[in-house]
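I opened this notebook to record what I looked up in the structure. The entries run from the overall fold to single residues and charged pairs.

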Amino acid sequence: MTKLNTMKVTFPSRSANESFARMAVAAFVAQLDPTVEELSDLRTAVSEAVTNCIVHAYRDRIGPVTVTADLYEGGRVVIKIRDKGCGISNVDQAMEPLFTTGGEERAGLGFAVMQSLMDRVRVRSAVGKGTTVTLERRLASREPHRDAGR
C-alpha cells in the first residue's frame, strides 16, 4: 500500500501533553474524513498509549515520547507511540486485563481498551531501552482531501 502522508511529534512525558498527542493525531487523521466514532476511537487509543508512557515508562522522571502517524491508501492508519523508558519485562503479562504496575489507582485496562478500539495492537519492548506501541485501524473513509490548487 502506498503511504499518503506522515507526521511525527516528540514531547516530554508530562501529563499535560497527553491531550496534545490525542488532538494532534485527531487533527492529522481528519484529512481522511473519519466518522465521529472512528475519530473518538483513535483519540482514546492514543490517549491510553501515551498515558502508559507517562505513568509507567518514566516513573520518576520526564523523558521523550514520540508519536508518528502514517496514512495509507484505502483509509489505513498506523500510529506508533514510542518511549525510551524502563521497558516492559513481560509484554504478554502487561497486556492482560487488570494487570498493572501502577498501584491501586490504576485499573490495568489500557492495552485492553486499545485492543477493543483498533484492528491491531503490537507492543515491542526492551527492558531499559523503551517501548513502542503500534496501533492500526482501517477507516471506512476514503482518501485524504486533496489541496485545492494542486
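**Entry 1. Burial and surface.** I began with the chain as a whole, noting that the model is predicted. Of the 150 residues in the protein chain, 45% are buried. I then looked up the accessible surface, which comes to about 8,200 Å². Carbon and sulfur atoms account for 48% of that surface.

**Entry 2. Fold.** I listed the secondary structure next and found 4 helices and 5 strands in the protein chain. Along the sequence they follow the pattern β-α-α-β-β-α-α-β-β. I also looked up how far apart in sequence the contacting residues are. Among contacts with a separation of 6 or more, 68% are between residues 24 or more positions apart.

**Entry 3. Helix α1.** Which residues of helix α1 are buried? In this helix, residues 16-29, I noted Asn17, Glu18, Ala21, Ala24, Val25, Ala26, Phe28 and Val29. I then asked what covers the buried residues of α1. The cover includes three strands, β1 (3-12), β2 (64-72) and β3 (76-83), together with helix α2 (36-57).

**Entry 4. Thr68.** I chose one residue of strand β2, Thr68, for a closer look. Is Thr68 buried or exposed? Its relative accessible area is 19%, so Thr68 counts as buried, the cut-off being under 20%. Setting aside neighbours within four places in sequence, I found Thr68 in contact with Met7, Lys8, Val78, Ile79 and Lys80.

**Entry 5. Cysteines.** I searched for disulfides and recorded 0 in the structure. I looked up the accessibility of two cysteines, Cys53 and Cys86. Cys53 is buried, with a relative accessible area of 4%. Cys86, at 27% relative accessibility, is partly exposed.

**Entry 6. Salt bridges.** How many salt bridges does a search of the whole structure find? The search returned 5. As background, I noted that side chains of opposite charge can pair when their charged atoms come close. I examined several of the pairs individually.

**Entry 7. Arg22 and Glu18.** The side chains of Arg22 and Glu18 form a salt bridge, with an N to O distance of 2.5 Å. Both residues belong to helix α1 and are 4 residues apart, about one turn of the helix. I had already listed Glu18 among the buried residues of α1; the relative accessible area of Glu18 is 14%.

**Entry 8. Asp41 and Arg137.** I next recorded the salt bridge between the side chains of Asp41 and Arg137, 2.9 Å from N to O. This pair links distant parts of the chain: Asp41 is in helix α2 and Arg137 in strand β5 (residues 130-138), 96 residues apart. Are Asp41 and Arg137 buried or exposed? I found both to be buried.

**Entry 9. Glu136 and Arg76.** In another salt bridge, the side chains of Glu136 and Arg76 meet at 3.4 Å, N to O. This pair also links distant parts of the chain, with Glu136 in strand β5, Arg76 in strand β3, and their positions 60 residues apart. Glu136 is buried at 11% relative accessible area, whereas Arg76 is partly exposed at 23%. Finally, I asked which residues are linked with Arg76 and Glu136 in a network of salt bridges. The network comprises Arg76, Arg122 and Glu136.

Methods: Residues numbered from 1 in each chain as written. Predicted model: local features only at pLDDT ≥ 70, side-chain atom pairs only at ≥ 80, totals over all residues. Heavy atoms only, no water. Helix = DSSP H or I, 4+ residues; strand = E, 2+ residues; numbered from the N terminus. Buried < 20%, exposed > 50% of the residue type's maximum accessible area, 1.4 Å probe, protein only. Contact = heavy atoms within 4.5 Å. Areas by Shrake-Rupley, 256 points an atom, 1.4 Å probe, with all protein chains shown as cover. Disulfide = S-S within 2.5 Å. Salt bridge = Lys/Arg side-chain N within 4 Å of Asp/Glu carboxyl O.
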